[in-house]
Amino acid sequence: AREVSFLNVYLIVMVVLAWTAVLMGAYVIYPWYRAALPPGTKDLALYPQRLLMSSPSTTGWHSLGMEWKEHIAWFAPISITMVAFVFLKYGRDLKNHKQLRAGVLVFVLASFVSAGVAGFFGAMLNKYAPVQGGQTIQLSKGAAK
């Protein structure tokens, strides 16, 4: 019973941490990555997306790395939430459901792999175009009418 309680707490903490990481990345860090480039800007150091897209040797980090990272990162908290829910619902009885247990283990693996892929791309992207942040963030400019 103690191990099950520990695993329940562990899974809930993992779910909270996974959602926190993805939401912080999507709504705190990501806007700095996609910051709008003011006209006439020569120094791209504060505009990571544009910095990556400015060179043929790094454009792939944006077109493949960032686009893939944006989508795969969401799979980690979704899958670990499913795992936690199933484990909390079935607990020790999960040993009697071989197919369900196998499915849960596949989702555990998928969660860790997707977090690893997103983390790898995040580290590599930050190596080539660090997200430094700034005083103001401009998400997009509306078209003038």
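Among contacts in the protein between residues at least 6 apart in sequence, 74% join residues at least 24 apart. The coordinates belong to a predicted model, and the values below are computed from it. The secondary structure consists of 4 helices and 0 strands, so that the order of elements from the N terminus reads α-α-α-α. Of the 145 residues, 28% count as buried. The protein exposes about 9700 Å², and carbon and sulfur atoms supply 68% of that area.

**Pairs distant in sequence**

Several pairs of residues illustrate the long-range relations in the chain. The table lists their separations.

| Pair | Separation along the chain | C-alpha to C-alpha distance |
|---|---|---|
| Ile12 and Thr81 | 69 residues | 8.1 Å |
| Gly119 and Lys69 | 50 residues | 8.1 Å |
| Ile80 and Phe107 | 27 residues | 7.0 Å |

Ile12 lies in helix H1. Its relative accessible area of 43% makes Ile12 partly exposed, because that class covers values between 20% and 50%. Gly119 is placed in helix H4, which spans residues 98–128. Gly119 is likewise partly exposed, at a relative accessible area of 41%.

Ile80 belongs to helix H3. Is Ile80 buried or exposed? With a relative accessibility of 5%, Ile80 counts as buried, because the limit for that class is under 20%. When neighbours within four places in sequence are set aside, Ile80 is in contact with Leu11, Met14, Val15, Ala18 and Ser111.

**The surroundings of Gln49**

Helix H2 comprises residues 48–53 and includes Gln49. Gln49 also counts as buried, its relative accessibility being 6%. Apart from neighbours within four places in sequence, the residues in contact with Gln49 are Tyr33, Arg34 and His62. Of these, Tyr33 falls within helix H1 (2–33), and His62 falls within helix H3 (59–90).

**The salt bridge**

How many salt bridges does a search of the whole structure find? The search returns 1 salt bridge. Glu3 and Arg92 form a salt bridge in which the closest N and O atoms are 3.7 Å apart. This pair links distant parts of the chain, since Glu3 is in helix H1 while Arg92 is in the loop between H3 and H4, 89 residues away in sequence. Glu3 is exposed, with a relative accessible area of 58%, because the class begins over 50%.

**The largest pocket**

The largest pocket holds about 550 Å³ of space. Its lining is made up of 25 residues, and those closest to the centre are Ala21, Gly25, Ala26, Lys69 and Ala73. Lys69, one of these residues, is also the partner of Gly119 in the table, with C-alpha atoms separated by 8.1 Å.

Which helices each supply at least two residues of the lining? Helix H1 (2–33), helix H3 (59–90) and H4 do so. By residue class, the lining divides into 17 nonpolar, 6 polar and 2 charged residues.

**Summary by element**

The features described above can be collected by helix. Helix H1 contains Ile12 and contributes Glu3 to the salt bridge with Arg92. Helix H2 holds the buried residue Gln49. Helix H3 carries Ile80, whose C-alpha atom is separated from that of Phe107 by 7.0 Å. Helix H4 includes Gly119, a partly exposed residue.

Conventions. Residues numbered from 1 in each chain as written. Predicted model: local features only at pLDDT ≥ 70, side-chain atom pairs only at ≥ 80, totals over all residues. Heavy atoms only, no water. Buried < 20%, exposed > 50% of the residue type's maximum accessible area, 1.4 Å probe, protein only. 1 Å grid on protein atoms, 1.4 Å probe; cavity = no way out; pocket = protein on both sides within 12 Å on 5 of 7 lines; lining within 4 Å. Points joined across faces, edges and corners; volume = space filled by probe spheres on them. Nonpolar A, V, L, I, M, F, W, Y, C, P; charged D, E, K, R; others polar. Salt bridge = Lys/Arg side-chain N within 4 Å of Asp/Glu carboxyl O. Contact = heavy atoms within 4.5 Å. Areas by Shrake-Rupley, 256 points an atom, 1.4 Å probe, with all protein chains shown as cover.
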